[in-house]
Amino acid sequence: MTATATILPNRAKRNLTIAKAMAEALAQEMRRDPSVLVMGEDIAALGGVFGNTRGLLEEFGPARIRDTPISETGFIGAAVGMAAVGMRPVVELMFVDFFGVCMDAIYNMAAKNCYFSGGQSAVPMVLMTSVGGGYGDAGQHSQCLYGTFAHLPGMKVVVPSNAYDAKGLMVSAIRDNNPVIFMFHKALQGMGWLGTVQGSINDVPEDAYTVPFGQAAIARAGRDITIVGLGATVHLALDAAEELIANGIEAEVVDLRSLVPLDRATVNASVKRTGRLLVVDEDYQSYGVSGEIIASVVEAGTVLTSPPRRIAFPDIPIPFSPTLERPALPSAEKIVAAVTDMVRGGR
Amino acid sequence: MIPVVIPPDLWEGDAEGAVSAWLFAEGDAVRAGDLIAEVMVEKTSYDVTAPADGMLQIRIPAEIPFKRGAIIAAIG
Amino acid sequence: MTPTRPQFLWMYETMVKSRAFEERIATAYFEGKSPVFNMANGPIPGEMHLSNGQEPCAVGVCAHLDAADFVTATHRPHHIAIAKGVDLDAMAAEIFGKKTGLSGGRGGHMHLFDARVNFACSGIIAQGMGPAVGAATAFKLRGEKRVAVAFIGEGAANQGAFHESLNLAAVWQAPVVFVIEDNGWGISVSKAQSTAVPHNDSRAAAYGMLGHRVTGNDPAAIFAVAGDAIARARAGGGPSLIEIETSRLAGHFIGDAEGYRPAGEKDALFARDPIPALRGRLLAEGMMSEAEDLAIVKRAESAVEQAIAKARAAPFPAAAEAFDHVFA
Ligand SMILES: Cc1ncc(C[n+]2csc(CCOP(=O)(O)OP(=O)(O)O)c2C)c(N)n1
Ligand SMILES: [Mg+2]
C-alpha cells in the first residue's frame with residue numbers, strides 16, 4: 001500500500017492524561033459546591049507530586065487548597081471531622097504505602113462512623129492515593145494494596161484505568177455521601193517522569209459527568225477467555241489481547257473500575273460466555289482481589305472449561321533492583337503465555 | 001499548514017527536549033488550545049497546545065530528542 | 001567540646017567522601033534518563049534523594065559513635081550511612097541494585113541496612129524514631145554503654161511518631177538522641193508553612209528532655225552539642241533532641257524542578273557550602289596543609305571511584321533471589 005488512507009476525523013476528541021482529568025474534576029466540583037476542598041502534602045504550590053491538583057491553588061486559593069504538614073493522622077482525621085459537619089473534603093495520601101501512619105482515621109473512623117452512628121453521621125470524603133510500582137522505588141513506595149482497602153467494610157474503592165473514567169469516578173466520589181478511596185496508578189498518570197501508558201490518555205468531555213460505581217467495563221470484547229484487570233493491568237491485558245489475535249485467540253478484557261462496590265454480574269456474564277477466567281492484579285496475590293474475583297465466579301456456579309488462573313504480585317515485599325522487581329510484576333508476556341496455555345493447552 | 005513550534009525561549013541552554021506523551025494520534029482532529037503534547041526538558045515538563053483547529057500531523061514522535069525552536073508537529 | 005585535629009580531619013574527609021559519592025551517584029542516575037526523564041530507566045531507577053549540604057549533621061554526630069551504637073536514617077541516608085561506617089562498596093552496589101549490595105539489591109537507596117555497624121533506614125517519615133527508642137531501651141536494660149541516634153528531617157517533627165517517640169524516650173529515660181536535620185523544606189512545603197513553632201528544639205521541653213538548636217551548618221558546633229548529648233545518654237542521663245540548621249543544596253529528589261524555592265535561595269546556600277567552609281577553616285587555623293588537603297580529597301575520591309566501579313561491574317541478582325529473606 002503506497003498512499004495511506006486519510007483518517008477522517010468524525011468528531012473532535014479532547015484527550016487528557018489521568019492527572020489532568022482528576023484536576024479538572026476537582027476544579028469543576030469545587031466551582032459547583034463550596035463545601036469541597038482539597039488537603040494534602042505538596043498539593044498546593046507544587047500541584048501534587050503526581051500532577052492531579054495542578055492549577056487549583058491559583059483558582060481557589062490556600063483556604064480551599066491546603067498544603068498540610070507531614071501529619072497524615074492529623075489531616076485525614078480532620079477530613080473526617082469536616083465531613084461530619086457538612087464539608088466534602090478531598091485528601092491526598094501521597095503514596096498508599098504511607099497508610100500505616102494514618103489508617104485509624106481511615107478504617108476506624110471514616111469507614112465506621114456512618115454505621116456506628118446508626119446512619120446519623122455520613123462521612124462524605126475522598127481519599128486519593130497513588131499506587132503501583134515498576135519504576136524501582138522499592139516496597140515502601142510501590143504497593144497497590146487494593147485488597148487491603150477493599151477488604152475493610154465501610155469505604156468505597158475505585159481504580160481508574162483511563163482519563164475518562166478518572167474524571168467521572170472522581171466526580172462520583174466527591175458527590176458520594178460515603179468515604180471513597182480513589183486509587184490512581186503512577187504509571188497511568190501521564191507524568192513523563194513515571195513513564196506514560198498511552199492507553200490511559202483518552203477523550204474526556206469538558207462538562208462534568210459521573211461514572212457510576214459498581215459498573216465494570218468491557219474494555220475489549222472476545223469469546224475465548226475473560227481477562228479481568230484493574231488500573232494498570234487493564235492495559236497489560238489489552239496489549240496481550242492484541243498479541244493473542246495472532247495465536248487465533250480472542251480475549252475479552254474486563255476493567256473492574258470499582259472494587260467496592262464490585263460488579264460481579266459483569267464478570268460472571270463474561271465468564272459465562274467465554275468459559276475461562278484469568279485475573280491480572282498488581283497487588284499481592286494472597287487474600288486479595290484476584291482470589292475474590294475467582295471465588296465470585298466459582299460461587300456463581302459458572303461452568304469453566306479450564307481452571308481459573310491469576311497473575312498477581314507474589315507474596316514478597318516489592319524489591320528495588322529491576323532484575324528482581326520486573327520479573328515479579330504482571331506483564332503482557334505473562335498474560336499471553338497463561339492464556340495460550342489455558343486455551344490451547346485445554347487446561 | 002500551521003507548525004507547532006517549541007518556543008525558542010521555552011528553556012535556557014542547549015539541552016534537548018522530547019515529547020513524553022502525544023495526547024492525540026496522527027490524523028486526529030484537534031481544536032485550538034487543546035493540550036496536544038507534554039514535553040520534557042531534563043526534569044521539567046511543559047504543556048504544548050494546538051495553535052489552530054485542524055488535523056494533527058506529528059513530525060517528531062515521542063521520546064525523540066529535539067532542540068529549542070523545533071517544529072514538532074503541524075496542524076492542517 | 002571541641003574536636004581534636006584528627007576528629008576535624010575525619011569530619012572533613014567524611015564530608016568530602018560523601019559529596020564525591022553523591023556526585024558520582026547523580027551522574028549515574030542521569031544515565032538513560034534523557035531526553036525523557038523517566039525514573040524507571042538507567043542504571044539507578046526510582047527516587048534519588050541527595051544529602052549534599054547536609055554532611056555536617058552526619059559527621060558532627062557520628063564522630064561520637066562507634067559501630068556498636070544504633071542509628072536510624074531516612075529517605076535521605078547517604079551522608080549518615082557513610083559517617084556511620086557503612087561499607088561503601090556494598091552501599092554503592094545496593095544503590096545500583098546489584099547482588100553484591102548490602103541487601104542484595106532488595107532495598108536500594110532508601111532502604112540501606114548494615115547490621116555490622118547497626119545502621120537501618122526507613123523511607124516513611126519519622127518511622128526511625130520508635131526503633132531508636134527501642135534499641136536504646138534494650139541497651140539500657142542490658143546495662144550496655146551503647147546509645148541510639150535517630151536522624152530525621154524537620155518535616156518529620158509534625159508526624160505522630162515524633163511526638164510519641166519523644167514522650168516514650170523521656171518516660172523510659174532511654175539513651176537516645178534525636179537529631180533533626182532542618183533544611184527548611186519538606187519537599188515543596190517550607191518549615192514556616194508547616195510548623196507551629198519556629199524551632200523544634202523548643203518542643204523538647206514538652207517532653208521533659210533537653211533540646212538544643214545548632215545554627216550555621218557548622219560541623220564543629222554540631223560536634224560540640226552532639227558530643228554532650230551523646231555523652232549524657234551514655235552516662236544514663238536520658239534522651240535529648242537536637243535541631244541542626246542545615247541546607248539542602250539539591251532538589252527534594254533528582255527530578256525536582258524546585259519552582260517553589262524563592263529566587264536567590266540556592267545561590268545563597270551554595271555560597272555557604274559547608275565543605276569549602278570547613279576546608280577554609282582547617283587551612284586558616286593550620287590544622288591541615290594544602291598537601292594534606294590534596295591527599296584527603298584524593299583518598300576520598302579514590303575510595304568512591306572504586307566503590308562505584310565495583311558496583312557497576314557487579315552482577316545483578318537473579319530473579320529468583322527476590323523470594324529469599326522474606327523470613328529469617
Ligand atoms: C509518612 C510519610 N508521609 C509522606 C512521605 C513523603 N515524603 C517523603 S520525603 C518528604 C519530606 C520530608 O521532609 P523532611 O522530613 O524535612 O526531610 P527532607 O526531605 O527535607 O530531608 C515527604 C513528605 C513519606 N515518605 N512518609
Ligand atoms: Mg526538610
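1. A residue counts as near a molecule if its C-beta atom, placed from the backbone, lies within 6 Å of it. Keep that in mind as you look at ligand 1, and remember that this is a predicted model. By this rule, 22 residues surround the ligand. The closest are Ile125(C), Gly153(C), Gly155(C), Ala156(C) and Gly186(C).

2. Where does ligand 1 lie? You will find it between chains A and C. Two elements give two or more residues to its shell: strand E3 (148-153) and strand E5 (185-186), both of chain C. The shell is a mixture, with 10 nonpolar, seven polar and five charged residues.

3. Now turn to the largest nonpolar core, which has 246 residues. Phe182(A), Val339(A) and Val176(C) have the most contacts inside it. Helix H1 of chain C supplies the largest share, nine residues. From chain A, the core draws at least three residues from each of domain 1 (15-203) and domain 2 (217-344).

4. Try zooming in on Val176(C). Leaving aside residues up to four places away in sequence, Val176(C) touches several alanines, including Ala132(C), Ala136(C) and Ala233(C). Its other contacts include Val133(C), Val147(C) and Pro239(C).

5. Is helix H4 (residues 88-95) of chain C mostly covered or mostly open? Mostly covered: seven of its eight residues are buried. Among them are Leu88(C), Met91(C), Glu94(C) and Ile95(C). The buried residues of H4(C) pack against three helices of chain C, namely H1 (5-30), H3 (78-84) and H11 (290-313).

6. Finally, look just past that helix. H4(C) is followed by Gly97(C), which has a positive phi, near 70 degrees.

Technical notes. Residues are numbered from 1 along each chain as its sequence is written. Chains are lettered from A and ligands numbered from 1 in the order in which they are written. This is a predicted model: local features need pLDDT of at least 70, side-chain atom pairs count only at pLDDT 80 or more; totals for chains, interfaces and linings use all residues. A residue is buried if 20 or more other C-beta atoms lie within 10 Å of its own, exposed if 12 or fewer, and partly exposed in between; C-beta atoms are placed from the backbone. Helices (H or I, at least four residues) and strands (E, at least two) are DSSP runs, numbered from the N terminus. Two residues are in contact if their C-beta atoms, placed from the backbone, lie within 7 Å. A nonpolar core is a set of buried Ala, Val, Leu, Ile, Met, Phe, Trp, Tyr and Cys residues joined through C-beta atoms within 7 Å. Domain bounds come from an automatic or database domain assignment. Ala, Val, Leu, Ile, Met, Phe, Trp, Tyr, Cys and Pro count as nonpolar, Asp, Glu, Lys and Arg as charged, and the others, Gly among them, as polar.
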